[in-house]
Amino acid sequence: MDTTDRKLLDLFQKNAKTSVQSLADATGISTASVQRRMRTLREAGVIKREVALLDPKSLGLGITAIVSVELERDRLDQIDAFKRKAREDRQVTHFYCIAGEADFILVVMAKDIAGYEAFTHRFFFADKNVRKFRTSIVVSTEKATSELPIS
């Protein structure tokens, strides 16, 4: 990947609807070269998906919770089961396995506090392998981006 690819990616991640012509103009290469490079980046898995970013509040999702989770046991089958459950749950928008005091960090979206409470009962309290979880409710979002720092 060269500097032109990085510039293409930086422009593209800001707006995936940017036209091939605009990308070509911004990078100083031909439209055919842009198309070829973008195809190569997609095939290599550098561009994983092209998605629409939606406004949670407009969709009635008023609660964002950041949750740290500690599991009871360190059995691989139970860890895998928890990972699978978190990956499959649509309310879990981000899921990280971490080193530190907790085992995992989840970002969970809900309509309201009652919706989040229902999630905790279904997801944590019903799981005998969850030792402890701590929730922080987001009061305001000062920055949320999917853009990576491409240099």
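Colleague: Happy to be looking at this with you! At roughly what angle do the axes of helix α1 and helix α3 cross?

Modeller: Welcome! Keep in mind that this is a predicted model. Helix α1 covers residues 3-14 and helix α3 covers residues 31-43, and their axes come within 11 Å. The angle at which they cross is roughly 80°.

Colleague: What does that make α1 relative to α3?

Modeller: Angles of 65 to 115 degrees count as roughly perpendicular. The axes of α1 and α3 cross at roughly 80°, so α1 is, relative to α3, roughly perpendicular.

Colleague: Which residues of α3 are met by α1?

Modeller: From the α1 side come T4, D5, L8, L9 and F12. The residues of this contact divide into six nonpolar, one polar and three charged. On the α3 side, the partners are V34, R37, M38, L41 and R42.

Colleague: And how many charged residues are there in the contact of α2 with α3?

Modeller: Helix α2 (residues 20-27) and α3 have axes that come within 8 Å and cross at roughly 105°, which makes this pair roughly perpendicular. V20, Q21, L23, A24 and T27 of α2 make the contact with T31, V34 and Q35 of α3. Sorted by class, there are four nonpolar residues and four polar ones, and the number of charged residues is zero: there are no charged residues.

Colleague: Let's turn to the largest pocket. Which element gives the largest share of its lining?

Modeller: The largest pocket has a volume of about 2200 Å³, and 45 residues line it, with V51, L53, H94, T145 and S146 lying nearest its centre. Elements that give two or more residues to this lining are α1, β1 (63-71), β2 (92-97) and β3 (104-110). By class, the lining has 25 nonpolar, 11 polar and nine charged residues. The largest share, five residues, comes from β2.

Colleague: One last thing: how many residues apart in sequence are the parts that R131 and E70 tie together?

Modeller: Side chains of opposite charge can pair when their charged atoms come close. The structure holds 12 salt bridges, and one of them joins the side chains of R131 and E70 at 3.5 Å, N to O. R131 belongs to strand β4 (residues 130-137) and E70 to strand β1, so the pair ties together parts whose separation in sequence is 61 residues.

Key:
Residues numbered from 1 in each chain as written. Predicted model: local features only at pLDDT ≥ 70, side-chain atom pairs only at ≥ 80, totals over all residues. Heavy atoms only, no water. Axes fitted to C-alpha atoms, helices over the stretch in contact; angles between N-to-C directions. Helix = DSSP H or I, 4+ residues; strand = E, 2+ residues; numbered from the N terminus. Parallel < 35°, antiparallel > 145°, perpendicular 65-115°, else oblique. Contact = heavy atoms within 4.5 Å. Nonpolar A, V, L, I, M, F, W, Y, C, P; charged D, E, K, R; others polar. 1 Å grid on protein atoms, 1.4 Å probe; cavity = no way out; pocket = protein on both sides within 12 Å on 5 of 7 lines; lining within 4 Å. Points joined across faces, edges and corners; volume = space filled by probe spheres on them. Salt bridge = Lys/Arg side-chain N within 4 Å of Asp/Glu carboxyl O.
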